[in-house]
Amino acid sequence: MTYILGVSALYHDSAAALLHDGTIVAAAQEERFTRVKHDPRFPAEAIRYVLAEAGIGLEDVAHVAFYDKPFLKFERLLETYLAVAPRGFNSFRMAMPVWLREKLFLKDLMKKELRRIDPGFDDAKLLFTEHHISHAASAFYPSPFAEAVVLTMDGVGEWATASVAIGRGNGLEIVRELHFPHSLGLLYSAFTYYIGFKVNSGEYKVMGLAPYGVPRFKDLILEKVMDLKPDGSFRLDQRYFNYTAGLTMTSKAMEDLFGEPVRQPESDRLTQFHMDVAASIQAVTEEVMLRMTRALAAEYGIANLCMAGGVALNCVANGKILRDGAFEHLWVQPASGDAGGALGAAQAAWHMELGEPRQPVAPDAMRGSYLGPAFSDSESAAELSAAGARFEQMDEDTALARAAAALADGKAIGWFQGRMEYGPRALGARSILGDPRSPSMQKVLNLKVKFRESFRPFAPSVLREDVADWFEIDDDSPYMLLVADVQEEIRRQMSAEEQALFGIEKLNVARSDIPAVTHVDYSARVQTVHRDTNPKYHALISRFKALTGCGLVVNTSFNVRGEPIVCTPTDAFRCFMGTGIDALVIGNLYLEKSAQDPALMESYEEKYELD
Amino acid sequence: MSMFAELWGFLRQRKKYWLFPIVIVLAVFGALIVLSQGSAVAPFIYTLF
């Protein structure tokens, strides 16, 4: 009976995860509880939740594992400042107060915070794992493989920006690392900044924007900005960047190279130039990842690849790695960002520090990533009543029938069921759903429900057994981390007139029989829905299929732009009342927008800082 | 004070003794910055700090 608590905190996406004898009991991000997107604070709420889920107190926990090593990071910081001095003073001036007040004293901070939860907490229980070990552990240990090559890539951990590890049984050994400042994650973030999106949250937008452009700068980037080797390792020419010394990601040299200044977020228009830059950096990223995976497959002769780290959330590149076939099997940790480090740190403590054996399970040990809080119908009803909601309680069969009928009727549905997802994607537990056949659904969801840029595509949730009917993929993709093209026969070719439309306007042209989830390049970010891991969601889509012949729905996260995904029924009701969602299904409680008290409507659009 | 002992242990293990005087200077320098301003402002690029 050993409990291990994993914690990631203080940089972004704080989270907590709890293991019981190596089995994942619960995991959640702090932002869901505090309602602050990417909340970096100590995850006190998430820790309280995971302990409550297990019905234990902190005193029952044998070890608390933190997901990185602050001194190593401090060493990198000092050496970097020394290397670039006297440049970098501004950055130094910003960084030092945070370090001298908080981060250098991390152990004390952890002790203090944990003693708020358990006054008798013994600091001998604290363990620290390296950042990329945490990522690698979160990629390998929950995977279904007994043996795998583990590739982690992100912005930067301590020194490492990418690592290769070999996982066998309960062992995990890092065999190679790429070090700061040469980083694929930071390269992508630098271009995210250059295109005028927020670093660390706008990377998805770059990926979504890429299909509108032509990768005409790919060669320029490979020639001037980086020196890419055949095995995928590379060095970045630091003349074009400013992240080691300054407070911006790119330097003036980058602007000169591309001939345009950094786009000012929310004021400068997105032009074809920005779309071409997005396409180019996406193409470069794919090139780097494919070179790496091909070289690793050839070198180690292992059929399985596991991935984690922020770059592993680039589902377009993941899809290409899978189709490339260098590795037969690919498993990507759904919480690949730093939140997943909490889980990885705990698993590294269990298998590597304590040496406990590991038994891989199929399809994986993540349980669909449904690892957060759940609410019973009576708990939800109590919360909703307190919020002034008008709802109908019904049996599951009726709730499913009503929801499926509303979807078929073109309504946007809030779908709040069971345990909340761990990781950045909504996977049918805290989702907004729609009809993928509707030509207007993408625009409606983007502008009236999510209040976000109209170019951003939506993802399909498709019955696992139907996936090959709609998409050119016949693999499991339960975590929405693989992109595949829609099948040839359901595509609709553009006329010459439509072809000539400018960038984003192309999105208004239906590209297939399921236009709401088909991107301009015919790609889709597929989530396969499995009866074993999410039976109710599977049942809903099956009902929708019975009504329409279409075994998939549009799935987007239950939040608005800049807001963390909803956690509780109260959060869900508030988001429902503040947006254009037509109906909300919480467990077996059904809420119609038209039945609600208009006085409870609130302006939601301005509520969250834009991401 | 345990932090300083641990930091010293860390530098010893990493054989980076040369960083020690720099740490001291930077710490003093940094402390001045801390004292001369009201609040610790979190820098915007998460990855570096």
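This is a short tour of a predicted model, stop by stop.

**Stop 1: the main core**

Start in chain A with Ala16(A), Ala27(A), Ala28(A), Val50(A), Ala342(A) and Ala346(A). These residues have the most contacts inside the largest nonpolar core, which counts 193 residues. Next, select residues 272-300 of chain A. This is helix 11, and its 12 residues are the biggest contribution to that core. Now colour by domain. Domain 1 of chain A covers 3-131 + 341-356 + 363-369, and domain 2 covers 377-600. The core takes at least three residues from each of them.

**Stop 2: around Ala27(A)**

Centre on Ala27(A). Which residues does Ala27(A) touch, leaving out those up to four places away in sequence? Select Ala15(A), Ala16(A) and Ala17(A), then add Val50(A). Ala342(A), Leu343(A), Leu371(A) and Tyr422(A) complete the set.

**Stop 3: a second core**

Another core lies apart from the largest one. It has nine residues. Pick out Phe74(A), Phe92(A), Ala95(A) and Leu104(A), which are among them.

**Stop 4: two cis peptide bonds**

Select Ala85(A) and Pro86(A). The peptide bond joining them is cis, with omega about 5°. Pro86(A) sits in the loop that runs between helix 3 (70-84) and helix 4 (89-101) of chain A.

Move on to Phe180(A) and Pro181(A). Here too the bond is cis, and omega is about 5°. Pro181(A) belongs to the loop between strand 8 (171-179) and helix 7 (184-194) of chain A.

**Stop 5: two positive phi values**

Go to Arg367(A). Its phi is near 50°, which is positive although the residue is not glycine. Look for Arg367(A) in the loop between helix 13 (340-353) and helix 14 (377-386) of chain A. Is Arg367(A) buried or partly exposed? Count the other C-beta atoms within 10 Å: there are 19, so Arg367(A) is partly exposed. The cut-off for buried is 20 or more.

Then select Met480(A). Phi is near 60° for Met480(A), again a positive value outside glycine. Its loop connects helix 17 (467-470) and strand 17 (482-485) of chain A. Met480(A) has 25 other C-beta atoms within 10 Å, so it is buried.

**Stop 6: chain B**

Finish by showing chain B alone. How many helices and strands are in chain B? The chain has two helices and zero strands. It has 49 residues, of which 10% are buried.

How values were computed: Residues are numbered from 1 along each chain as its sequence is written. Chains are lettered from A and ligands numbered from 1 in the order in which they are written. This is a predicted model: local features need pLDDT of at least 70, side-chain atom pairs count only at pLDDT 80 or more; totals for chains, interfaces and linings use all residues. A nonpolar core is a set of buried Ala, Val, Leu, Ile, Met, Phe, Trp, Tyr and Cys residues joined through C-beta atoms within 7 Å. A residue is buried if 20 or more other C-beta atoms lie within 10 Å of its own, exposed if 12 or fewer, and partly exposed in between; C-beta atoms are placed from the backbone. Helices (H or I, at least four residues) and strands (E, at least two) are DSSP runs, numbered from the N terminus. Domain bounds come from an automatic or database domain assignment. Two residues are in contact if their C-beta atoms, placed from the backbone, lie within 7 Å.
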